[in-house]
Amino acid sequence: MSAAPRFADTLLSQGKPVATSTVESSSYTGSKAVDGSATTRWASVEGADPQWLRIDLGEAATIHRVLLNWEAAYAKQYRIEISDDGTTFTTVTAVDNGDGGTDDLTNLDAHGRYVRVVGLARGTSYGYSLWETQVFGVTDATGDTQPPTTPTGLQTGAVTATSVDLTWQPATDNVAVAGYDILRDGKVVASSDGPAYTDIGLAANTTYSYTVRSRDTAGNISPASTAVTAQTKTGGSGAFILAAAGDIAEQCTSSDSNCAHPKTAKQVAAMNPAAVITMGDNQYDDAHLSDYQKYYATTWGKFKGITKPVPGNHDTYDSPKYNGYDTYFGNAAKPNGQRYYSWDMGNWHFIALDSTQFMTHDFASGDSGGADQLAWLKDDLAKNTKGCVAAYYHHPRWSSGDHGDNKDSIALWTALVNAKADLVLNGHDHDYERFVPQDASGKASSAGPVEIVGGSGGADLYPLSAKHATTAKLLKTYGVLKLSMTDSTFQTQLIGVDGKTLDSSPTYTCHK
């Protein structure tokens with residue numbers, strides 16, 4: 001019997017997702033420690049122990065080496081841990097006499113998907129700071145040429161005028177199934193992590209054919225499943241697709257593999273939307289015009305002609321306030337002389353609001369307290385003749401993210417609930433959260449709007465807190481909202497940077 005082949009160690013950590021206990025500022029996020037650059041770094045807050053940095057390798061691997069390049073703020077005592085699920089960790093090795101510089105930890109033999117560096121005692125009065133963290137080893141998928149099994153049991157579920165629900169039995173693989181491709185009429189239209197998908201934005205009274213195929217972590221693809229057909233229902237007139245996100249352009253470009261806004265912009269382009277909605281903080285950090293032109297303009301700026309923006313708190317950090325935002329977006333920033341306005345498409349009435357006017361807890365305290373805007377909002381809602389209503393602004397009333405619930409935006413939320421609005425989109429927290437319909441007090445109510453926090457457009461992600469009772473889905477991930485609208489319904493999806501559908505809402509019928 002021949003011996004099993006041995007594969008050379010490779011660098012597994014570069015460009016992979018990173019979570020951290022804390023960051024000193026947005027300039028020193030965890031992703032900077034795996035970006036392959038010796039001039040960028042992660043830094044924790046100063047003066048606190050312990051602190052940690054966790055890398056998701058994307059798949060299970062056998063780890064043989066960890067290389068740490070410390071900045072001046074090094075760890076005198078730390079340990080390397082590994083985990084299969086990102087929650088339960090086992091110590092791989094520990095260092096009790098660190099002296100900074102470069103630590104090359106070799107001859108390791110550990111298996112898992114998540115690697116964590118845990119600083120226990122600082123070598124200085126500052127925090128912990130790593131120029132680069134490199135993990136070397138062999139993934140379980142290395143040398144794998146066996147495709148996963150073909151999915152079986154494909155069937156349709158709920159079918160509306162513009163959507164089809166699909167489910168199937170999970171495939172199996174000798175290593176691991178990574179996901180599924182969904183094919184409509186023979187062409188790949190989406191991918192899914194699990195054995196379910198909702199295809200949205202379809203034409204009414206039309207027959208579609210579907211198959212699915214599975215993929216493993218080595219990139220092997222199964223044959224397509226047996227096909228099923230579905231005919232969408234009549235109705236659903238006035239259908240159109242929108243793309244939406246907030247908290248978009250960090251000061252980075254596509255040359256940086258960790259830069260997310262070029263990837264989310266690619267997904268916007270794939271949607272071919274009728275309009276693009278931004279929910280504030282479109283450019284970081286202080287949203288100068290030069291930053292808009294250097295970063296946002298190169299990615300999301302490609303959709304400037306169809307973009308309906310609102311500002312966020314970062315747009316007020318420029319001097320004078322809003323200068324970069326106002327100048328870059330031009331007439332679209334203040335179409336009616338104010339940074340709040342409304343517009344119509346199909347049977348939908350869209351209301352764009354400037355929630356920074358209402359903020360009392362932020363650097364950008366409101367210029368007017370928002371009284372004029374609130375009066376305008378109530379008047380605009382009263383005059384609306386469209387059957388469906390959506391609003392969007394930066395600061396969410398409800399959030400399980402790092403900022404949490406925002407009491408400063410109560411007046412906006414209450415006015416929209418009272419007017420029977422159907423959908424509210426927000427940013428501010430750098431995550432994704434979809435709520436079930438809620439009333440003015442945040443309790444589940446079919447008469448209330450669906451709120452979605454979509455601050456996942458590209459800015460560095462924030463930690464999550466405990467979910468609300470009304471949270472339908474909460475994710476710490478990058479992605480773009482795909483909104484499928486008709487004259488009487490709407491449905492939403494979160495599309496990840498790899499094109500996968502990370503969340504799908506039910507089809508909601510407008511209140512009016």
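A polar contact is a pair of N or O atoms within 3.5 Å. The exercises below use this cut-off on a predicted model.

**Exercise 1.** Find where Ser163 lies, and decide whether Ser163 is buried or exposed.

*Solution.* Start with the chain: Ser163 sits in the loop that runs between strand 10 (152-159) and strand 11 (164-169). Next, take the relative accessibility of Ser163, which is 2%. Buried means under 20%, so Ser163 counts as buried.

**Exercise 2.** With which side chains does the side chain of Ser163 make polar contacts?

*Solution.* One partner is the side chain of Thr160, at 2.7 Å. Another is the side chain of Gln491, at 3.4 Å, a value within the 3.5 Å cut-off. Gln491 also appears among the residues in contact with Ser163 once neighbours within four places in sequence are left aside; that list includes Ala158, Asp199 and Thr507.

**Exercise 3.** Give the strand order of the open sheet of seven strands, and explain why one side of strand 20 and of strand 26 has no neighbour in the sheet.

*Solution.* The order is 20-21-22-23-25-24-26, and the pairing is mixed. Strand 20 (341-345) and strand 26 (471-475) are at the edges; each has a single partner strand, so one side of each is left without a neighbour in the sheet. From one strand to the next, the twist averages 15°.

**Exercise 4.** In which sense do strand 22 and strand 23 pair, and which residue is the bridge partner of Tyr392?

*Solution.* Strand 22 (residues 388-392) and strand 23 (residues 423-426) pair in the parallel sense, over three bridges. The bridge partner of Tyr392 is Leu425, in strand 23. Helix 4 (residues 371-383) packs on the sheet and touches strand 20, strand 21 (348-352) and strand 22.

Methods:
Residues are numbered from 1 along each chain as its sequence is written. This is a predicted model: local features need pLDDT of at least 70, side-chain atom pairs count only at pLDDT 80 or more; totals for chains, interfaces and linings use all residues. Side-chain values use heavy atoms; hydrogens and water are left out. Helices (H or I, at least four residues) and strands (E, at least two) are DSSP runs, numbered from the N terminus. Buried means under 20% relative accessible area, exposed over 50%, partly exposed in between (1.4 Å probe, protein chains only). A polar contact is a pair of N or O atoms within 3.5 Å; within protein, one must be able to donate a hydrogen and the other to accept it, and residues adjacent in sequence count only if both atoms are side-chain atoms. Contact means heavy atoms within 4.5 Å. Two strands pair if DSSP finds at least two bridges between them. Axes are lines fitted to C-alpha atoms, for helices over the stretch in contact, and angles run from 0 to 180 degrees between N-to-C directions.
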